[in-house]
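Got a minute to go through the labels on this model and see what earns each of them? Grab a coffee and let's take them one at a time.

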Amino acid sequence: MIRDFHIAKREEDIGYYAGYVGSAYMFGRALTSVLWGMVADRYGRKPVIMMGTIMVAIFNTLFGLSTNFWMAVTTRFLLGSLCGVLGPMRAYASEVCCKEYQALGMSIISTSWGLGLVMGPALGGFLAQPAEKYPNLFSKDSLFGRFPYLLPCLLISIFALGVSVVCCWLPETLHMHYGQNKELDDSFDLLEAPANGSDVKEKFYKNEGTGPTSQQSLLKNWPLMSSIIVYCVFQLHDMAYAEIFSLWAISPRKYGGLSYSTVDVGEVLAISGLRFAFCLMHLKLDIKDFRMV
């Protein structure tokens, strides 16, 4: 896509500009994820999830209609900024599942990410530039001939639009979140004694790191921060592989690449994504067995 924008003066500089398009989405998501989490805590998980899927349908289509480099960067950035479904979806899974199945629910979300790694690259690889690959079905003067990357984006947008419609039947779980906090306070009210009840309650909140009177700073919560660091390292390697491998595979052999076509890149990423989903399914079963033990 960057090559077709003709913004790179040299062919070996295509990866430099492709990095901006690839990172624009994650940059926007990093800036607004906490904000979307606060919105989900205040107004509910369901509205945030529905809005996120609708934004995917809108801005993913606009990305496929991009005619220049800056339009592509802008649409990707706005998509990442306005699609804050990752945090609310994890919160939703933890609230809609029983305690013994919360880890299973979280692993299903990760498995769906793996399935996306299978279907997404396959759609992009097989359906990009349809006028060149399937001239009998798409002419160069058609809409998909003038916008060679619209077809895979449009199919994903239609799927996201269907998901947003299905989300109308999702039950809201924000009341469960508040209900759990209320049950915690009610249990203290029942156990509280006139002499030392407040000391016990304050001591419990101090040990648990939660509560309305003494809230620990998230930055001082080492188990939380360590899990975030591990997740960041994993995402760094995951995104670096997805971006760098594609550029290396499609680059000409004279620049050290593999001279793959978009179809070849899609097939390789789909196979690797299928293996990733398979490993996550095994991990999910291992977690279930461990909890049973």
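A nonpolar patch, as used here, is made of residues with over 30% relative accessible area and no salt bridge, whose nonpolar side chains are joined within 5 Å. Keep in mind that this is a predicted model.

Q: Which residues form a nonpolar patch on the surface, and how much accessible area do they have together?
A: That would be V34, L35 and M38, with about 330 Å² of accessible area together. L35 lies in helix α2, which covers residues 14-43.

Q: R29 lies in helix α2 too. What makes R29 buried or exposed?
A: The cut-off for buried is under 20% relative accessible area. R29 has 11%, so it's buried. Leaving out residues up to four places away in sequence, R29 touches G80, S81, L86 and W113.

Q: Why is S157 called buried?
A: Same kind of check: buried means under 20%, and S157 has 4% relative accessibility, so it qualifies. S157 sits in helix α9 and touches V56, A57, N60 and T61, not counting residues up to four places away in sequence.

Q: What do the buried residues of α9 pack against?
A: They pack against α3 (45-64), α6 (102-127), α7 (130-133) and α8 (143-146). Among those buried residues are L150, L151, P152 and C153.

Q: How do you know that the length of α9 fits what's expected?
A: Helix α9 (residues 150-166) has 17 residues, and at 1.5 Å a residue 24 Å is expected. From first C-alpha to last, α9 reaches 24 Å, close to that value.

Q: How does α3 do on the span check?
A: The 20 residues of α3 should span 28 Å at 1.5 Å a residue, and its end C-alpha atoms are 29 Å apart, which agrees.

Q: What makes α3 "largely enclosed"?
A: It comes down to burial: 14 of the 20 residues of α3 are buried, so the rest of the structure largely encloses it.

Q: How many aromatic pairs are there?
A: The count comes to seven.

Q: Why is the pair of Y16 and Y20 called edge-to-face?
A: Two rings pair if their centres lie within 6.5 Å, and planes over 60 degrees apart count as edge-to-face. Y16 and Y20 are 5.3 Å centre to centre with 80 degrees between the planes, so they meet both conditions. Both lie in helix α2, four residues apart, about one turn of the helix. As a rule, an α-helix has 3.6 residues a turn, so residues three or four places apart point the same way. Y16, Y17, Y20, F69 and W70 form one aromatic cluster.

Q: Why do Y16 and Y20 get different exposure labels?
A: Exposed means over 50%, and partly exposed lies between that and the 20% cut-off for buried. Y16 has 52% relative accessibility and counts as exposed, whereas Y20 has 41% and is partly exposed.

Q: What makes the pair of F138 and F144 edge-to-face?
A: Their ring centres are 5.6 Å apart and their planes are at 85 degrees, so the pair is edge-to-face. F138 and F144 are both buried.

Q: Why is the pair of E95 and R45 called a salt bridge?
A: The rule asks for a side-chain nitrogen of Lys or Arg within 4 Å of a carboxyl oxygen of Asp or Glu. The closest N and O atoms of E95 and R45 are 2.6 Å apart, so the pair passes. E95 lies in helix α5 and R45 in helix α3, so the pair ties together parts that are 50 residues apart in sequence. Both E95 and R45 are buried.

Q: What makes D41, R45 and E95 one network?
A: Salt bridges that share partners join them. R45 also forms a salt bridge with D41, with the closest N and O atoms 2.8 Å apart. At 35% relative accessibility, D41 counts as partly exposed.

Q: How many salt bridges does the structure hold?
A: Four. One of them links D4 and R3, whose closest N and O atoms are 3.7 Å apart. D4 is partly exposed at 33%, and R3 counts as partly exposed at 45%.

Conventions. Residues numbered from 1 in each chain as written. Predicted model: local features only at pLDDT ≥ 70, side-chain atom pairs only at ≥ 80, totals over all residues. Heavy atoms only, no water. Patch = residues over 30% accessible without salt bridge, like charges linked within 9 Å, V, L, I, M, F, W, Y side chains within 5 Å. Areas by Shrake-Rupley, 256 points an atom, 1.4 Å probe, with all protein chains shown as cover. Helix = DSSP H or I, 4+ residues; strand = E, 2+ residues; numbered from the N terminus. Buried < 20%, exposed > 50% of the residue type's maximum accessible area, 1.4 Å probe, protein only. Contact = heavy atoms within 4.5 Å. Expected span 1.5 Å × (residues − 1). Phe/Tyr/Trp six-rings, centres within 6.5 Å; stacked < 30°, edge-to-face > 60°.
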